[in-house]
Amino acid sequence: MTQTKQPAGGSSTSTFTNTAASNFNSNSSPSASKLPHCPSSAHDVLLNNFQLKKKSYRVLLHGQQLVWERLQKIKQSSKETKAPLPADPPSPTGGGLGSYGPQSHVLHLDDVISVRSGDTKVASLKPPTPPSSERSSRSSGGVVGPVKPTSQYLTINYALRLSKSQTDCNRWELRRLTFFNSDPYIVRQWDQELQARLFSSSPTRMRVRRLLVFINPYGGRKAGAQTYERYVRPIFQLAGVDATCITTQRANQVRDILLSHDLGVYDAVCCVGGDGTVAEVINGLLFRRMRELELDEQRPPYIPRPALPVGVIPAGSTDTIAYSMHGTADVRTAAIHVILGQHRGLDVCSVSNGQSLLRFCASVLSYGYLGDVAAQSENYRWMGPRRYEYSGVKAFLSNRGYEAELRLLEEPDLLLTTPIQEELPQSPDSVCSLGESVPSVCYANCQRCSFASIQEQRSSLFIQEETSQTEREQQEEPEREESHLTLTESALLRPRPRPVNLQLPTGSMSSMRNLGDEQWKVVRGNFFMICGANITCACARSPNGISRYSHLGDGCLELILVKKTSLINNLRFLLNTAGRSGDIRNLPFVEVYRTRKFQFRTLAAANDEEYSLAGSCQPISPPGEMGNSTSPSEFSSWNCDGEVVTDLDITMRSHCQLIEVFMRGPHSYSKPLKGGTTPSTPASSSDNVYCCCKD
């Protein structure tokens, strides 16, 4: 520790390297000092006295925590002396930085938006300069020598989750701290140290500097542009993000731009719109990645992961994707998550027919009721968002049923087939199991999604090693044997080319180990609605969503089958999805399956194949009679992220955490701690969450 004297009106400063943070509550009165600027490592501890709202505070920067506590004063006779801070209680873990005093305020740097210093308080409140403006100013100004610091104010803009709100605990708000110190060298040292730690790299966090933003002005209430200018742009400017905005004018324009333009200068892609806009961004990034790797877009051997993460700003009608990720459709909250930079893997489902890959689905693929709503609402676009309500009531009263056959893939419990190792996190539930007794809800710090992420990483390595080893063996064997064989025998022994429609396994390790033990379950019936839910599909009108127990990144989807019954039962189903306490699993006419893949066919097509001649796809009866037996009105359409898909032979497959999205996951309300308890020190900003996986 180094301490030196400084003129009156300054404050004490200390620089530690790998020193215990208990010195923050030292009983010795700090002396005034002046510390010359020197680069400090990431493990240094800064301790200074600052003024906050004209009151003296002791401020500590240790690791990724910023702690400040007010200095108490005790009047003794005619002079005032600063009282020592209360002793730090012992750490419950014993050793290390466990907790601070009861009057301490703790802020994690993961929640900090930006840091700005200035000569005056007003100057420190100005947003930082974007990276492009900094480069232009440096190039025009030439070489500039070291400048004497003059800043005395340090403003820290950060985000705070309203954890005490019982109805809106997932909403985040912007807050601000402005510290004052008369020594500009101290302010500069804190500014540089905070900036270095703020933009330090992390596997799960990336501070965005240059962002590509797509704005859909026609989605939802047609307020996408106003939403961005009023709520999103000020937050991006506050964080110093250089955002390039593109306002779309037609459908699939986002996808076309992502496929054709250079994206090397951007750190991430963001979209302002509804679920359809999000689906366009995801489809564009995935198909772009397949083109970069020169994969067949119609029959890809595997689905690669894009390099750029995605930010989602809700500005649509329902915004189920944003609500499922953040637990709210608040625009500022979504923009704050983009700035904070913490990202998680999101499952994406591929939708294909018997011939080729059609598209990717991010939220739900539905047949029957929701498919009819999507198809009929296209005729009432002049009604705006009300067209969904009108089409929904119309389709609900018609109460149509559709006969279909579904084949879904059942997998054994991952925890029973994979040996438990010490380095793997223990998940209370299986990553993918049918018929689990106690289903779990996906929250922030979800153990189930974390467990699936580790298994997916190991499976990708397993695929690469297995493929390379097989190719080497296939190349070596013919060379050894062809030396003493004839040309005809050598041609017969050469390995056959892989079929075009064969897909490499992209599931968990257990699914690859049990490829020969796959169990397909066949379900036939007359259904009012068939849904393949990739996420919960929650929204403001349905807080739990249609699939309450869907996880964001476990590599599974939920297949929901609603049988055709009476209008009263259909009303019961809608009420269960709209209420917070309802559960569609308790309804006798609803079946829910957790699977990685399912195949759909109309019952007429299934019967045609079952009674066809052996080795032929032609039906026994004449084509004319088969054509008269079914009419086009007996079939519905598919609703894929709001887009209409008319194919009837559909296969939906989940790909575990295929794309990175800026989110932390929804939070569940928990009663706040009592005022007298000692605040615990979070190891990361995610530890401020009161929940993980709750039933």
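User: Buried, partly exposed or exposed: which is Arg250?

Analyst: This model is predicted, so local features need pLDDT of at least 70, side-chain atom pairs count only at pLDDT 80 or more, and totals for chains, interfaces and linings use all residues. Residues are numbered from 1 along each chain as its sequence is written; side-chain values use heavy atoms, leaving out hydrogens and water. Buried means under 20% relative accessible area, exposed over 50%, and the range in between is partly exposed (1.4 Å probe, protein chains only). Arg250 has a relative accessible area of 48%, so it counts as partly exposed.

User: Which residue does Arg250 meet in a salt bridge?

Analyst: A salt bridge needs a side-chain nitrogen of Lys or Arg within 4 Å of a carboxyl oxygen of Asp or Glu. Arg250 has such a contact at 3.1 Å, N to O. Its partner is partly exposed, with a relative accessible area of 29%. That partner is Asp256.

User: Which residues do salt bridges with shared partners join into one network?

Analyst: Shared partners link several salt bridges here into one network. The members are Arg448, Asp554, Glu558, Arg585 and Arg594.

User: How many residues apart in sequence are the parts that Asp111 and Arg664 tie together?

Analyst: The side chains of Asp111 and Arg664 form a salt bridge at 3.0 Å, N to O. Asp111 sits in the loop between strand 7 (105-108) and strand 8 (112-118), and Arg664 in the segment after strand 25 (650-662), so the pair ties together parts that are far along the chain from each other by 553 residues. Asp111 is buried at 6% relative accessibility, and Arg664 is buried with a relative accessible area of 6%. The number asked for is 553.

User: How many salt bridges are there in total?

Analyst: Another pair is Arg175 and Glu173, at 3.4 Å, N to O. Arg175 is partly exposed at 32%, as is Glu173 at 27%. The rule gives a count of 19.

User: Which residue of the positive surface patch is found in strand 10?

Analyst: A patch takes residues with over 30% relative accessible area and no salt bridge, joining like charges within 9 Å and nonpolar side chains (Val, Leu, Ile, Met, Phe, Trp, Tyr) within 5 Å. Lys and Arg count as positive, Asp and Glu as negative, with His and the chain ends not counted; charges are placed at NZ of Lys, CZ of Arg, CG of Asp or CD of Glu. Lys53, Lys54, Lys55, Arg70, Lys121 and Arg176 make up the positive patch. The one in strand 10 (residues 172-180) is Arg176.

User: What accessible area does the nonpolar patch with Val393 have?

Analyst: Areas come from the Shrake-Rupley method with a 1.4 Å probe; for residues, only the protein chains shown count as cover. Val393 is in helix 10 (residues 386-398) and is partly exposed at 49%. Together, Val393, Leu397 and Leu567 have about 270 Å².

User: How many residues of helix 6 are buried?

Analyst: Helices (H or I, at least four residues) and strands (E, at least two) are DSSP runs numbered from the N terminus. Helix 6 (residues 275-292) reaches 26 Å from first C-alpha to last, close to the 26 Å expected, where the expected span is 1.5 Å times one less than the number of residues. It is largely enclosed by the rest of the structure, because the buried count is 14 of the 18.
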